[in-house]
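This report is addressed to a reader who meets this structure for the first time. Please keep the sequence and the model in view while reading.

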Amino acid sequence: MNQSLSEMTLEELWELFPIILSEPKTFWKDWYEEEKQRIIDLLIRNDLHIHHIGSTAINHIWAKPIIDILIEIPYNTSMLDIKEKLVNNGYICMSEEKDRKSFNKGYTPTGFAEKVFHLHLRYYKDNNELYFRDYMNDNPILAKEYEKLKIYLSQKYKHNRDAYTNAKSTFIEKYTQCAKVKYENRY
């Protein structure tokens, strides 16, 4: 393939990187810890809050074998400085808003690398994913319902990542709100 990822259409990218779920792997937590340490070493800061989020952080459910990491930074920190360090060290900035940036690592012109990461850069307290993760881990029957939904949607939207993500949003939002009530100001 002579085409770079940046030259590919969204449809071509979705074809190359389909939604594939895997049974839970114990090494996902190890991959998170290794990447967390790389991020700490790279950014050389002690005021970051770094968390394992996403389905690989939920116990005993099938997930895309992609490690999602949330980095919360202080409000007085330049998001652009952090972005520059990440991009210069192998992360690709995939989306940017004023107070949010998303990065990927492990996407190659021939498909997924062995280890794939999605990094979510936010300011402190922009962390709904932590509430959802904890609620699922505290409610394994509900987590299994989430897993069933994900399996169904992964088959329906195998080559449409946006539709897959959007179709999960009602479930995620509902139980994130339940978690915020139950855990109040945990984070």
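The text below treats the sheet, then two helices, then a few single residues.

The model is predicted, so local features are described only where pLDDT is at least 70 and side-chain atom pairs only at pLDDT 80 or more, while totals for chains, interfaces and linings use all residues. Residues are numbered from 1 along each chain as its sequence is written, and side-chain values use heavy atoms, with hydrogens and water left out.

## The sheet

Helices (H or I, at least four residues) and strands (E, at least two) are DSSP runs, numbered from the N terminus. Two strands are said to pair if DSSP finds at least two bridges between them.

Five strands form an open sheet in the order 1-2-5-4-3, and the pairing is mixed. Strand 1 (49-53) and strand 3 (92-97) are the edge strands; each has a single partner strand, so one side of each lacks a neighbour in the sheet. On average, neighbouring strands of this sheet are turned by 20 degrees against each other, direction ignored. Axes here are lines fitted to C-alpha atoms, for helices over the stretch in contact, and angles between N-to-C directions run from 0 to 180 degrees.

Helix 4 (residues 128-138) packs on the sheet and touches strand 1, strand 2 (67-73) and strand 5, its direction making about 45 degrees with that of strand 1. Contact means heavy atoms within 4.5 Å.

Strand 4 (residues 100-108) and strand 5 (residues 111-123) run antiparallel and are joined by eight bridges. The two strands form a hairpin, with two residues between them. Within this pairing, Arg100 stands opposite Arg122 in strand 5, and Lys101 stands opposite Leu121. Strand 5 also pairs with strand 2, this time in parallel, through seven bridges. There, Leu121 of strand 5 is the bridge partner of Ile71.

## Helix 3 and helix 5

In what follows, buried means under 20% relative accessible area, exposed over 50%, and partly exposed in between (1.4 Å probe, protein chains only).

Helix 3 (residues 79-87) has the buried residues Met79, Ile82 and Leu86. These cover an arc of only 65 degrees around the axis, which puts them on the same side of helix 3. The arc is that of the directions from the helix axis to the C-beta atoms. Leu80 and Glu84, on the other side of helix 3, are exposed. The buried residues of helix 3 are covered by elements including helix 2 (27-43), strand 2, strand 4 and strand 5. At the N-terminal end, Ser78 caps helix 3, with a side-chain oxygen 3.3 Å from the backbone nitrogen of Leu80.

Helix 5 (residues 140-156) has 17 residues, which at 1.5 Å a residue should span 24 Å; the end C-alpha atoms are 24 Å apart, in agreement. The expected span is 1.5 Å times one less than the number of residues. Leu142, Ala143, Tyr146, Glu147, Lys150, Leu153 and Ser154 are buried in helix 5. Seen down the axis, these buried residues fall within an arc of 150 degrees, so they line one face of helix 5. They pack against helix 4 and helix 6 (161-183). The face turned away from the buried side carries the exposed residues Ile141, Lys148 and Gln155.

## Single residues

Thr56 belongs to the loop between strand 1 and strand 2. Is this residue, Thr56, buried or exposed? Thr56 is buried, at a relative accessible area of 3%. Its side chain makes a polar contact with the side chain of His52 (2.8 Å). A polar contact is a pair of N or O atoms within 3.5 Å; within protein, one must be able to donate a hydrogen and the other to accept it, and residues adjacent in sequence count only if both atoms are side-chain atoms. Leaving aside neighbours within four places in sequence, Thr56 is in contact with residues including Trp28, Lys29 and Asp68.

Ser102 lies in strand 4 and counts as partly exposed, at 21% relative accessibility. Beyond its neighbours within four places in sequence, Ser102 is in contact with Ile92, Cys93, Met94, Ser95, Leu119 and His120.

Two loop residues other than glycine have a positive phi value, as listed here.

| Residue | Phi | Loop | Relative accessibility |
|---|---|---|---|
| Ile44 | near 45 degrees | between helix 2 and strand 1 | 70%, exposed |
| His60 | near 65 degrees | between strand 1 and strand 2 | 60%, exposed |
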